[in-house]
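Let's take a walk through this fold together. Have the sequence and the model open side by side as you read.

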Amino acid sequence: MRPYILAETNWEALKNETFDLAVLPWGATEAHNYHLPYATDNIQADHMAAESARLAWEKGGKVIVLPTIPFGVNTGQSDIYLDINLNPSTQLAILNDIVEVLDRQKLSRLLIFNGHGGNNFKPLVRELGLKFPKMFISYCFFPQVLDKYAYFEEKGDHADEMETSLMLHLRPDLVLPKEKWGRGAAKSFKIKAFSEGWAWAEREWSKISEDTGTGSPYKSTKEKGHRFFEDITKKMGDFMLELCEADLDDLYE
């Protein structure tokens, strides 16, 4: 039993316990090229949040990791079989109920650990922060924690070298043999502003990728995944500890 994982602990341990920070991993259920499981985002978020919390816990951080939300925003993938979509308004309703519980029980710090690029928590955090002024709500998206291209060679953002390497490290039993991997070739918008990143429109996934991947996975290795996982969880563990210890009335310098 890991005392910082809510799903594993029990009332005997919790009835007299208090925590400083709740962590909510949030993933998605969607196709990841031919070779990775639909739960890739959930598996990565599960493992990263748990390991980061362990590192913070061992330094005295009172962290509790909530069960991972397994569905995310997949509005651009409506024709990909069994990609399960949660609308942003549904995410807001789920978050509202969770935050309401934490606020009532005076656990005033929540970190949303995002594992899926389609999730956009900023407007949700803004709205809930206004509704629950005693709560300090933050979020992170793990691929942005480090410079991924210091670890991986190929560009991409879905079932790419990074995600395949992580899964080869975390759950190699769920990765198909290399001869089954798709190329991860993806089309870009013809409209230059979207490709340059200063304008945005949702991608229709089945029109940009034949195998649902965006980014070649072929240079992936479990060693790369292990190194990236270790470095990212160390940085995230320090962040969780800092959140636990922060004076919420004195956050700025």
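Start with helix α4, residues 122-131, which lies across β3 and β4 and runs at about 175° to β4. Keep in mind as you look that this is a predicted model.

Now look at what α4 is lying on. β3 and β4 run parallel and are joined by 6 bridges. To find one spot in that pairing, pick Asn-114: its bridge partner in β4 is Phe-141. Another helix packs on the sheet too, namely α3 (residues 88-104), which touches β1, β3 and β4. The direction of α3 makes about 160° with that of β1.

Zoom out to the whole sheet. The sheet is open and has 4 strands, in the order β2-β1-β3-β4, with parallel pairing. β2 and β4 (136-141) sit at the edges, each pairing on one side only. If you ignore direction, neighbouring strands here are turned by 20° against each other on average.

Next, the nonpolar interior. Which residues touch the most other members of the largest nonpolar core? They are Val-23, Val-63, Phe-113, Phe-228 and Met-240, out of 31 residues in that core. Several elements feed into this core with at least two residues each: the strands β1 (21-26), β2 (63-65) and β3 (109-114), plus the helices α2 (40-58), α5 (161-170) and α8 (222-245). The largest share comes from α8, which puts in 8 residues.

Met-240 is a good residue to click on. Leaving aside residues up to four places away in sequence, Met-240 touches Leu-21, Val-23, Leu-111 and Phe-113, among others. Its contacts also include Ala-49, Ser-52, Ala-53 and Ala-56, as well as Val-63. There is a second core as well, separate from this one, with 23 residues, including Leu-24, Trp-26, Ile-98 and Leu-124.

Last stop, the cysteines. How many disulfides does the count come to? It comes to 0. Take Cys-140: the closest cysteine sulfur belongs to Cys-244 and is 13 Å away, so that is too far for a bond. A disulfide would need the two sulfur atoms within 2.5 Å. Going the other way, the closest cysteine sulfur to that of Cys-244 is in Cys-140, again 13 Å off and too far for a bond. Are these two cysteines buried or exposed? Cys-140 is buried, with a relative accessible area of 11%, and Cys-244 is buried as well, at 7%.

Conventions:
Residues are numbered from 1 along each chain as its sequence is written. This is a predicted model: local features need pLDDT of at least 70, side-chain atom pairs count only at pLDDT 80 or more; totals for chains, interfaces and linings use all residues. Side-chain values use heavy atoms; hydrogens and water are left out. A nonpolar core is a set of buried Ala, Val, Leu, Ile, Met, Phe, Trp, Tyr and Cys residues joined through side-chain atoms within 4.5 Å. Buried means under 20% relative accessible area, exposed over 50%, partly exposed in between (1.4 Å probe, protein chains only). Contact means heavy atoms within 4.5 Å. Two strands pair if DSSP finds at least two bridges between them. Axes are lines fitted to C-alpha atoms, for helices over the stretch in contact, and angles run from 0 to 180 degrees between N-to-C directions.
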